Amino acid sequence: VLAFTLPGVPLIYNGEEVGNPKRLSLFEKVDIDWSTGEEFRTLYTALTEMRRAHPALRRGSYIPLENSGGSKILTFARQSGNDAVLVAVNFSREQRPASVELTSEMGNAWRLVNGAVGFRQEGKTLSFDLPAFGHLILARKN
């Protein structure tokens with residue numbers, strides 16, 4: 001998720017798109033078992049389409065956001081013109097609630113783009129419960 005939402009160009013290394021558990025060498029040929037890892041391919045496809053649809057993820061500014069979930073949750077926004085994307089990632093093995101305060105230029109209307117979690121918005125506060133190692137990606141409604 002971070003490779004597709006942080007500044008820079010995402011790199012998918014041989015076998016990642018199917019969840020290959022084998023440690024790879026740069027000079028070793030590894031055949032990819034395409035019969036496994038459907039959930040990984042689905043996620044990578046969704047992230048690729050999301051990145052293509054949102055200029056903020058390709059060339060937008062990076063805006064770190066403080067959250068109430070502590071150091072185990074990373075929250076930031078990417079913004080380019082009228083397009084804005086908000087990202088929250090839980091780096092812990094436990095479900096964690098968190099909230100972020102939006103600035104007035106970020107707007108008040110958001111929609112879920114990716115992640116198996118919902119969110120609540122009350123005024124300028126977005127709240128969510130992230131599952132263990134889960135993520136939430138929202139896009140500003142235009």
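Does Glu38 count as buried, partly exposed or exposed, and what is its relative accessibility? In this predicted model, the relative accessibility of Glu38 is 48%, so the residue counts as partly exposed, given that the exposed class begins over 50%. The side chain of Glu38 joins that of Arg41 in a salt bridge, with a distance of 2.8 Å from N to O. Both residues belong to helix 2, where a separation of 3 residues corresponds to about one turn of the helix. In general, side chains of opposite charge can pair when their charged atoms come close.

Across the whole structure, the search finds 2 salt bridges. Besides the pair in helix 2, a salt bridge links the side chains of Arg96 and Glu94, at 3.9 Å from N to O. Arg96 has a relative accessible area of 22% and is therefore partly exposed, since the buried class lies under 20%.

Helix 2 spans residues 38–53 and lies across strand 5 and strand 8, running at about 135° to strand 5. Another charged residue of this helix is Arg51. Arg51 is buried yet takes part in no salt bridge. The nearest side chain of opposite charge, that of Asp83, is 10 Å away, and a salt bridge requires a nitrogen and a carboxyl oxygen within 4 Å, so this pair does not qualify. Polar atoms of the Arg51 side chain are instead found beside backbone oxygens: that of Gly8 lies 2.8 Å from one such atom, and that of Phe4 lies 3.4 Å from a polar atom of this side chain. When neighbours within four places in sequence are left aside, Arg51 is in contact with Phe4, Leu6, Gly8, Val9, Pro10, Leu57 and Arg58.

The two strands crossed by helix 2 belong to an open sheet of 5 strands, in the order 1-2-3-8-5 and with antiparallel pairing. Strand 1 (61–64) and strand 5 (110–114) form the edges of this sheet, each pairing on one side only. From one strand to the next, the twist averages 25°. Strand 5 pairs with strand 8 (residues 135–140) in the antiparallel sense over 4 bridges, and Leu112 stands opposite Leu138 of strand 8 in this pairing. In general, strands of a sheet pair through backbone hydrogen bonds, either parallel or antiparallel.

A further open sheet contains 3 strands in the order 4-7-6, again with antiparallel pairing. Strand 4 (96–101) and strand 6 (119–122) each have a single partner strand, so one side of each is left without a neighbour in the sheet. Neighbouring strands of this sheet are turned by 20° against each other on average, direction ignored.

Strand 7 is the partner in both pairings of this sheet. With strand 4, strand 7 pairs in the antiparallel sense over 6 bridges. Arg96, already described as a member of a salt bridge with Glu94, stands opposite Leu130 in strand 7. With strand 6, strand 7 (residues 125–130) forms an antiparallel pairing over 4 bridges. Here Gln121 stands opposite Leu126, and the bridge partner of Glu122 is Thr125. The hairpin of strand 6 and strand 7 has 2 residues between the strands, and within this hairpin Gly123 takes a positive phi near 65°.

Key
Residues are numbered from 1 along each chain as its sequence is written. This is a predicted model: local features need pLDDT of at least 70, side-chain atom pairs count only at pLDDT 80 or more; totals for chains, interfaces and linings use all residues. Side-chain values use heavy atoms; hydrogens and water are left out. Two strands pair if DSSP finds at least two bridges between them. Axes are lines fitted to C-alpha atoms, for helices over the stretch in contact, and angles run from 0 to 180 degrees between N-to-C directions. Contact means heavy atoms within 4.5 Å. Buried means under 20% relative accessible area, exposed over 50%, partly exposed in between (1.4 Å probe, protein chains only). Lys and Arg count as positive and Asp and Glu as negative; His and the chain ends are not counted. A polar contact is a pair of N or O atoms within 3.5 Å; within protein, one must be able to donate a hydrogen and the other to accept it, and residues adjacent in sequence count only if both atoms are side-chain atoms.
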